[in-house]
Amino acid sequence: MNNKVLSLYDWFLIAGVIVSNVVYSLLTGTMDVLGSMAAITGVLCVVLVAKGSIWNYLFGLVNVSLYAYISYKASLYGDAALNALYYLPMQFIGWWQWRKRGAAISKSESKDGVQVKARRFSWKQRVVLFAGCAAAVVAGAFVLKYVGDPQPLKDSTTTVLSIVAQALMALAFMEQWVLWIITNVISVVMWCICVARGEAHAAV
């Protein structure tokens, strides 16, 4: 990987995650190796995506594989399926697409990397989008509750919205950001509940 791809700020973010994991381990007296690796590779993946570097898929592959395993062990089946059956194969598809289109960082690219002009839905399309997401979330929650998911509604919401947001991102629609924000907020709440119940530690 070319060191020039990452800026000082990027290294600060990566170092912050590593230090936070070390401090957490020292304070709790536990060492969550898989969780730490998932967090660190996740940050590296996001940073490299923002930089337009094809190497994001290497770290993404490790990240989604670890999260699939951790989610499964914590009985968050929707999140496990999302990572194993959707994000995991997308790493290979994305790698192939980026190789085909030559999207890796190179001297011939601008300093800002690859830029995509965002598109917008009409208000009518947004209503249809969010109504469809709501219906899919409710249906998914019923299925997850049936299989014993401890947080069916939250798990279904993050699963459905992540799938839709990923598709919107590929199609360059700005509405993806609303879905990603909702997904991330609910994911934080869901995993905080897992930690409080001791399920996250039992998963690794």
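In the predicted model, residues 24 or more positions apart account for 68% of the contacts in the protein chain with a separation of 6 or more. The chain holds 8 helices and 0 strands, and its elements, read from the N terminus, follow the order α-α-α-α-α-α-α-α. Of its 204 residues, 38% count as buried. The accessible surface of the chain amounts to about 12,400 Å², and carbon and sulfur atoms contribute 70% of this area.

Helix H1 covers residues 8-28 and so is 21 residues in length. From its first C-alpha to its last, H1 reaches 30 Å, close to the 30 Å expected at 1.5 Å a residue. The buried residues in H1 include Asp10, Ile14, Val17, Asn21 and Ser25. Viewed down the axis of H1, the buried residues fall within an arc of 65°, so they line one face of the helix. The face turned away from this buried side carries the exposed residues Leu8, Tyr9, Phe12, Leu26 and Leu27.

Helix H3, formed by residues 56-73, has 18 residues. At 1.5 Å a residue H3 should span 26 Å, and this agrees with the 26 Å between its end C-alpha atoms. Buried positions in H3 are Asn56, Tyr57, Phe59, Gly60, Asn63, Val64, Leu66, Ala68, Ile70 and Ser71. After H3 comes Ser75, which has a positive phi near 65°.

In soluble globular proteins, nonpolar side chains tend to be buried together. The largest nonpolar core in this model has 12 residues: Val64, Leu82, Tyr87, Phe121, Leu129, Cys133, Leu161, Ala165, Leu168, Phe173, Leu179 and Trp180. Two or more residues of this core come from each of helix H4 (77-101), helix H5 (123-146), H6 and helix H7 (176-197). The most is given by H6, with 3 residues. Another core, of 5 residues, lies apart from the largest one; among its members are Ile14, Leu44, Cys45 and Phe59. Of these, Ile14 is one of the buried residues of H1, while Phe59 is one of the buried residues of H3.

Contacts of individual residues add detail to the largest core. When residues up to four places away in sequence are not counted, Phe173 touches Arg119, Arg120, Phe121 and Leu168. Among these partners, Phe121 and Leu168 belong to the largest core, as does Phe173. Val164 is found in helix H6, which comprises residues 152-170. Leaving aside neighbours within four places in sequence, Val164 is in contact with Leu129, Cys133 and Leu179, and these three residues are members of the largest core. Val164 and Trp180 stand 16 residues apart in sequence, with a C-alpha to C-alpha distance of 9.4 Å.

A search of the whole structure yields 2 aromatic pairs. Tyr72 and Tyr77 form an edge-to-face pair, at 6.0 Å centre to centre and with 65° between the planes. Tyr72 is exposed, with a relative accessible area of 52%, whereas Tyr77 counts as partly exposed at 31%. Tyr86 and Tyr87 form a tilted pair, at 5.6 Å centre to centre and with 40° between the planes. Tyr87 has a relative accessible area of 13% and is therefore buried, the cut-off being under 20%. Tyr87 is also a member of the largest nonpolar core.

Definitions and conventions:
Residues are numbered from 1 along each chain as its sequence is written. This is a predicted model: local features need pLDDT of at least 70, side-chain atom pairs count only at pLDDT 80 or more; totals for chains, interfaces and linings use all residues. Side-chain values use heavy atoms; hydrogens and water are left out. Helices (H or I, at least four residues) and strands (E, at least two) are DSSP runs, numbered from the N terminus. Contact means heavy atoms within 4.5 Å. A nonpolar core is a set of buried Ala, Val, Leu, Ile, Met, Phe, Trp, Tyr and Cys residues joined through side-chain atoms within 4.5 Å. Buried means under 20% relative accessible area, exposed over 50%, partly exposed in between (1.4 Å probe, protein chains only). The arc is that of the directions from the helix axis to the C-beta atoms. Accessible areas come from the Shrake-Rupley method with a 1.4 Å probe; for residues, only the protein chains shown count as cover. Rings of Phe, Tyr and Trp (its six-membered ring) pair if their centres lie within 6.5 Å; planes under 30 degrees apart count as stacked, over 60 as edge-to-face and the rest as tilted.
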